[in-house]
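Grab a pencil and open the viewer. Here are a few exercises to try, each followed by a worked solution.

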Amino acid sequence: MSYQSYSQCIKGQQLPLAYVDLDMLEQNARAILQRAGSKPVRVVSKSLRSAEVIKRLLAFSDQFQGVMCFHPDEAVFLAAQGIDDLLVAYPSMQVAAIEAVCKATKSGKTIVLMVDSAAHVKCIDEVAKRVGVIQPVCMEVDMSTRIPGIYFGVRRSPITQPKHAVSLYYAITKSNGVRLDGVMGYEAQIAGVGEKLPGKHLQNSVVPWLKRYSIPQLTRRRVSVVRALERAGAKLRFVNGGGTGSICSTKKDPSVTEIAVGSGFYSPHLFDYYNEFHYQPAAGFVLEVSRVPGKGYVTCSGGGYIASGGVGIEKSPKPYLPEGIELDENEGAGEVQTPLKVSTGFIKPFKTTKLSPGDPVFFRHCKAGELCERFNELVLIRNGDIEGTCMTYRGQGKSFI
């Protein structure tokens, strides 16, 4: 949709607001399914943070199977919303949260907790035995690539070799309240690192090579771990891998039974910087122009929604519509105001829409679900009209981390 179409759609709405374009959301969902081939796709809640949006995607296709959560309390919350088959992607030692999961498991819900150490297993085992349930867990395997002088990946699991996995499996088998249900290997450096990040020319030239070098190694590691666990007697219900940026390589791994995808549904601007795919900008937020401080500038109210992770200009929100505006590099996106420069477009001149106080400006967040931590609800747009609204986690009074 054009700036004029979106502006007309939200006319009269209180600003700021966050929105999801359902037509684009579904277009992205179809593209994700096509890239995944025959593999089931587990929907990643961290990138969505709205129970209703998660339900819409699960209902969109039978190939969307289960949800990957980021916290045990979140899994219990989603279970209470009627969602099942929940995998918690990060370990927790919070006894109250583990107890809530064990009670949900005892009531018939399928919630799987993450482990990567004997300490995790011991903690879950003690709680599960007290509740009177056998709690399923998933073992996370490290998928980073180590090259002399370079750590290509994220620092997650200490399990880097099959022998480490088997050792932890034996610790699980000695526990009366825990059983191994699955394995996860998340290749974050493939799934979450683009090749065209602004201002990072050296990194952009190296990352494609690092990815090509890493993918065969990661596949061999995940396959070898799964085979070693199976030889040791493990009966795995699932093997999870992947993310939005690694669907095509992950689906080729013969050990993977499901692919996790989240950010691709909303497609924040971080995913504009990938070579292999392009999704539609399905989610964003809208600020009002509060003043015009001088020629070539407008200033919006709010907007300082900076994404997590390593600090860089790419973590700022990005002006989306109208075309021809950009952040002021001296101020960036601010807590209470965000100045914008009207770009002259020396190479390709823009026909910039004239903006006045009260006019809307549409932005895209750098990362997907973090936008929902700023808003209580999402305005749902379909065919150029507002179809309704839905609550975010925040709108339902939930903050899990």
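**Exercise 1.** Which residue in β6 does Met-114 stand opposite?

*Solution.* Before you start, note that this is a predicted model, where local features need pLDDT of at least 70 and side-chain atom pairs count only at pLDDT 80 or more, while totals for chains, interfaces and linings use all residues. Residues are numbered from 1 along each chain as its sequence is written, and side-chain values use heavy atoms, with hydrogens and water left out.

Step 1: find the strands; helices (H or I, at least four residues) and strands (E, at least two) are DSSP runs, numbered from the N terminus. Step 2: look at β5 and β6 (residues 135–140), which run parallel and are joined by three bridges; two strands pair if DSSP finds at least two bridges between them. Step 3: read across from Met-114, and you land on Cys-138.

Now follow the chain: it leaves β5, passes through helix α6 (residues 118–131) and reaches β6 in a right-handed β-α-β crossover. Right-handed means that, with the strands pointing away from the viewer, the path from the first strand over the helix to the second runs clockwise.

**Exercise 2.** Describe what sits on the other side, where β4 meets β5.

*Solution.* Step 1: β4 (residues 86–88) runs parallel to β5, with two bridges between them. Step 2: pick Leu-87, and its bridge partner in β5 turns out to be Val-112. Step 3: add helix α5 (residues 95–106), and you've got another right-handed β-α-β unit, made of β4, α5 and β5.

**Exercise 3.** Why is β5 largely enclosed by the rest of the structure?

*Solution.* Step 1: get the cut-offs straight: buried means under 20% relative accessible area, exposed over 50%, and partly exposed in between (1.4 Å probe, protein chains only). Step 2: check residues 111–115; five of the five are buried, so the strand is largely enclosed. Step 3: sort them by face, with Ile-111, Leu-113 and Val-115 on one side and Val-112 and Met-114 on the other.

**Exercise 4.** Which side chains form salt bridges with Arg-42?

*Solution.* Step 1: recall the rule: a salt bridge is a side-chain nitrogen of Lys or Arg within 4 Å of a carboxyl oxygen of Asp or Glu. Step 2: Asp-85 meets Arg-42 at 3.3 Å, N to O. Arg-42 is in strand β2 (residues 41–44) and Asp-85 in the loop between α4 (72–80) and β4, so this pair ties together parts 43 residues apart in sequence. Step 3: Glu-258 is a partner too, with the closest N and O atoms 2.6 Å apart. Glu-258 belongs to strand β11 (residues 258–261), 216 residues away from Arg-42. Step 4: check burial; Arg-42 is buried at 1% relative accessible area, and Glu-258 is buried at 8%.

**Exercise 5.** How far apart are Asp-125 and Lys-129 in helix α6?

*Solution.* Step 1: count along the helix: they are four residues apart, which means about one helical turn. Step 2: look at the side chains, which meet in a salt bridge (3.1 Å, N to O). Step 3: compare their surroundings: Asp-125 is buried, with a relative accessible area of 8%, whereas Lys-129 is partly exposed at 45%. To finish, zoom out: a search of the whole structure finds 25 salt bridges.
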